[in-house]
Amino acid sequence: VAGTGERTAQRLPGTHNDVAVTRSRDYPLEDIAAPTLVVHGTNDPHVPFARHGAVLAARIPGAQSLAVEGGEHACVFSHRELIRGRTTQFLAAHS
């Protein structure tokens, strides 16, 4: 976590570019055939769950959703055990 936060200012221009590029396209999510687990925090202040995580899970056929209650943008760090457990189950079921 510390390593991620230390360089946030340096990474921000690239992040803004990534957001602009991905928002300028409509990806054919309905064509995804691989098992998919969408992991997204419900309190993400940068990428709102309702406009991103919920939409991905709805558009990808058969996708499963792990809506991390209270999770923010980097919930993979703050909710590590919950996400690790659910991801392990998902991978075991689809390997």
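**Exercise 1. The side chain of T36**

Task: In this predicted model, find which backbone oxygen lies 2.9 Å from a polar atom of the T36 side chain. Then place T36 in the chain and decide whether T36 is buried or exposed.

Solution:
- Step 1. Look around the side chain of T36. One of its polar atoms lies 2.9 Å from the backbone oxygen of A34.
- Step 2. Place the residue. T36 sits in the loop between helix 2 (8-23) and strand 1.
- Step 3. Check the accessible area. The relative value for T36 is 15%. Buried means under 20%, so T36 counts as buried.
- Step 4. List the contacts. Leaving out residues up to four places away in sequence, T36 touches I60, A63, Q64 and F90.

**Exercise 2. The order of elements**

Task: Work out how many helices and strands the protein chain has and what pattern they follow along the sequence.

Solution:
- Step 1. Count the elements. There are 5 helices and 2 strands.
- Step 2. Read them along the sequence. The pattern is α-α-β-α-β-α-α.
- Step 3. Pair the strands. Strand 1 and strand 2 run parallel and share 5 bridges.
- Step 4. Find the connection. Strand 1, helix 3 (residues 53-59) and strand 2 form a β-α-β unit, and this unit is right-handed.
- Step 5. Pick out bridge partners. H40 has A67 as its partner in strand 2. G41 stands opposite V68 in strand 2.

**Exercise 3. H40 and H52**

Task: Describe the surroundings of H40, then say which of its side-chain polar contacts involves another side chain.

Solution:
- Step 1. Locate H40. This residue belongs to strand 1 (residues 37-41). The strand is mostly covered, with 4 of its 5 residues buried.
- Step 2. Check H40 itself. Its relative accessible area is 7%, so H40 is buried.
- Step 3. Trace the polar atoms. The H40 side chain reaches the backbone oxygen of V47 at 3.3 Å. The side chain of H40 also makes a polar contact with the H52 side chain, at 3.4 Å.
- Step 4. Widen the view. Beyond residues up to four places away in sequence, H40 touches V47, P48, F49, H52, G53, L66, A67, V68 and C75.
- Step 5. Turn to H52. H52 lies in the loop between strand 1 and helix 3. Its relative accessible area is 33%, so H52 is partly exposed.
- Step 6. List its contacts. With residues up to four places away in sequence set aside, H52 touches H40 and V47.

**Exercise 4. The nonpolar core**

Task: Name the residues of the largest nonpolar core and the elements that give two or more residues to it.

Solution:
- Step 1. List the members. The core has 6 residues in all: L37, L66, V68, C75, I83 and F90.
- Step 2. Assign them to elements. Strand 2 (64-68) and helix 5 (80-93) each give two or more residues to this core.
- Step 3. Recall the general tendency. In soluble globular proteins, nonpolar side chains tend to be buried together.
- Step 4. Follow one member. L66 touches L37, V38, V39, H40, I83 and R86, residues up to four places away in sequence not counted.

**Exercise 5. Distances from H52**

Task: Find how far H52 is from R7 and from R11, along the chain and in space.

Solution:
- Step 1. Place R7. R7 lies in the loop between helix 1 (2-6) and helix 2. Its relative accessible area of 43% makes R7 partly exposed.
- Step 2. Take R7 and H52. They are 45 residues apart in sequence and 25 Å apart, C-alpha to C-alpha.
- Step 3. Take R11 and H52. They are 41 residues apart along the chain, and 21 Å separates their C-alpha atoms.
- Step 4. Set these spans against the whole. The C-alpha atoms of the protein chain fill a box of roughly 40 × 35 × 25 Å along the principal axes.

**Exercise 6. The whole chain**

Task: Find what share of the residues counts as buried and what share of the exposed area carbon and sulfur atoms supply.

Solution:
- Step 1. Take the burial. Of the 95 residues, 20% count as buried.
- Step 2. Take the surface. The protein chain exposes about 6600 Å², and carbon and sulfur atoms supply 58% of this area.
- Step 3. Add the contacts. Among contacts with a separation of 6 or more, 66% join residues 24 or more positions apart.

Note on methods:
Residues are numbered from 1 along each chain as its sequence is written. This is a predicted model: local features need pLDDT of at least 70, side-chain atom pairs count only at pLDDT 80 or more; totals for chains, interfaces and linings use all residues. Side-chain values use heavy atoms; hydrogens and water are left out. A nonpolar core is a set of buried Ala, Val, Leu, Ile, Met, Phe, Trp, Tyr and Cys residues joined through side-chain atoms within 4.5 Å. Buried means under 20% relative accessible area, exposed over 50%, partly exposed in between (1.4 Å probe, protein chains only). Contact means heavy atoms within 4.5 Å. A polar contact is a pair of N or O atoms within 3.5 Å; within protein, one must be able to donate a hydrogen and the other to accept it, and residues adjacent in sequence count only if both atoms are side-chain atoms. Two strands pair if DSSP finds at least two bridges between them. A crossover is right-handed if, with the strands pointing away from the viewer, the path from the first strand over the helix to the second runs clockwise. Accessible areas come from the Shrake-Rupley method with a 1.4 Å probe; for residues, only the protein chains shown count as cover.
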